[in-house]
Amino acid sequence: FGNIGKCKVEVVERDAFRRVTMEKTLRVMAEHRAEQKSSSSRQPLSEDSVPTTTRTGRLFRTAATGGCEEYLSCLERLGADEYWLIPSQVVVVHKDAGSILG
């Protein structure tokens, strides 16, 4: 009798899973259609927001055309100005076999 109960529970669980996955599928399809409609009505980017007009965009253009030293120097200045550069004097590299960076 225990097996019959387990079988019924499994049938109910599978049916619930099927309903949930159908709902998720319908939701994703609706979101995709909504995204397609909104992306077709978007305005083109203004000149102010084109990546090549930003400082970072210019930096990557320099990387493509300039030398490595110039690129690294620009990258270092950008990092310092934007406060994401970690100064080299506070970075300690451990040469232990199990450690990568300390």
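These legends accompany close-up views of a predicted model.

**View 1. The whole chain is built from helices.**
The protein chain contains three helices and zero strands. Read along the sequence, its pattern is α-α-α. The chain has 102 residues, and buried residues make up 7% of them. The accessible surface of the chain comes to about 9200 Å². Carbon and sulfur atoms account for 60% of that surface.

**View 2. Confidence varies along the chain.**
The average pLDDT of the protein chain is 77. A score of at least 70 is reached by 69% of the residues. Which helix has the highest confidence, and which the lowest? Helix α1, residues 2-40, is highest, at a mean of 86. Helix α2, residues 55-65, is lowest, at a mean of 68. Where pLDDT is low, the predicted coordinates should not be read in detail.

**View 3. E10 and R14 pair up in helix α1.**
A salt bridge links E10 to R14. The closest N and O atoms of the pair are 2.8 Å apart. How far apart are E10 and R14 in helix α1? They are four residues apart, so about one helical turn separates them. Now look at how far each partner is open to the surroundings. E10 has 38% relative accessibility, so E10 counts as partly exposed. R14 has a relative accessible area of 58%, which means that R14 is exposed. The dividing value here is 50%: exposed means over 50%.

**View 4. D15 meets R18.**
D15 also forms a salt bridge, with R18 as its partner. Their closest N and O atoms lie 2.7 Å apart. D15 and R18 are three residues apart in helix α1, so about one helical turn separates them. D15 is partly exposed, with a relative accessible area of 28%. R18 is partly exposed too, with a value of 42%.

**View 5. R19 joins D15 in a network.**
Keep D15 in sight and find R19. R19 forms a salt bridge with D15. Here the closest N and O atoms are 3.1 Å apart. R19 and D15 are four residues apart in helix α1, so about one helical turn lies between them. R19 is partly exposed, with a relative accessible area of 43%. Which residues do the shared partners join into one network? They are D15, R18 and R19. How many salt bridges does a search of the whole structure find? The search finds three.

**View 6. Helix α3 has its buried residues on one side.**
Helix α3 runs over residues 68-81. It has 14 residues, and at 1.5 Å a residue they should span 20 Å. The end C-alpha atoms of α3 are 20 Å apart, which agrees. Which residues of α3 are buried? They are Y71, C74, L78 and G79. These four cover an arc of only 135° around the axis, so they sit on the same side of α3.

**View 7. Y83 takes a positive phi after α3.**
Step just past the end of α3 to find Y83. What is the phi of Y83? Its phi is positive, at about 65°, although Y83 is not a glycine. Is the side of the chain at Y83 buried or exposed? Y83 has 76% relative accessibility, so Y83 counts as exposed.

**View 8. A nonpolar patch lies on the surface.**
Four residues make this patch: I86, V90, V91 and V93. The patch is nonpolar and covers about 360 Å². One of its members, V91, is found in the segment after α3. Y83, from the view before, is also found in the segment after α3. V91 has 36% relative accessibility, so V91 counts as partly exposed.

Conventions: Residues numbered from 1 in each chain as written. Predicted model: local features only at pLDDT ≥ 70, side-chain atom pairs only at ≥ 80, totals over all residues. Heavy atoms only, no water. Patch = residues over 30% accessible without salt bridge, like charges linked within 9 Å, V, L, I, M, F, W, Y side chains within 5 Å. Areas by Shrake-Rupley, 256 points an atom, 1.4 Å probe, with all protein chains shown as cover. Salt bridge = Lys/Arg side-chain N within 4 Å of Asp/Glu carboxyl O. Helix = DSSP H or I, 4+ residues; strand = E, 2+ residues; numbered from the N terminus. Buried < 20%, exposed > 50% of the residue type's maximum accessible area, 1.4 Å probe, protein only. pLDDT = per-residue confidence, 0-100. Expected span 1.5 Å × (residues − 1). Arc of directions from axis to C-beta.
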